[in-house]
Amino acid sequence: MSTYTHTTPDGTELTVLHNGKYMFAYVYLENSFVTLQFSQLKGLSVDEINGIIDMIDFSAIG
């Protein structure tokens, strides 16, 4: 697994773990936390992973 941090357009910084096939991400927010998990049998690039994460507006999560 490789690990990196990614900052979304709304300014949220997530920790991302991936090995191509599987991706896990998490972030601790002010009053909650969010975890994400998805997989793609043919693999995902870092740019594809970041694009998926960027579709989520974490600032709307209370």
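Mentor: Helices (H or I, at least four residues) and strands (E, at least two) are DSSP runs, numbered from the N terminus. The model is predicted, so local features need pLDDT of at least 70 and side-chain atom pairs count only at pLDDT 80 or more, while totals for chains, interfaces and linings use all residues. Residues are numbered from 1 along each chain as its sequence is written, and side-chain values use heavy atoms, with hydrogens and water left out.

Trainee: Which strands stand at the edges of the sheet?

Mentor: Two strands pair if DSSP finds at least two bridges between them, and here 4 strands form an open antiparallel sheet in the order E1-E2-E3-E4. Two of these strands have a single partner strand each, so one side of each is left without a neighbour in the sheet: E1 (2-7) and E4 (33-39).

Trainee: Which residue in E4 is the bridge partner of Phe24?

Mentor: Strand E3 (residues 22-28) runs antiparallel to E4 and is joined to E4 by 7 bridges. In E4, the bridge partner of Phe24 is Gln37.

Trainee: Which element gives the largest share of the largest nonpolar core?

Mentor: A nonpolar core is a set of buried (under 20% relative accessible area) Ala, Val, Leu, Ile, Met, Phe, Trp, Tyr and Cys residues joined through side-chain atoms within 4.5 Å. The largest has 12 residues, among them Met23, Ala25 and Val27. Strand E2 (13-18), E3, E4 and helix H1 (46-53) each give two or more residues to this core, and the largest share, 3 residues, comes from E3.

Notes. Buried means under 20% relative accessible area, exposed over 50%, partly exposed in between (1.4 Å probe, protein chains only).
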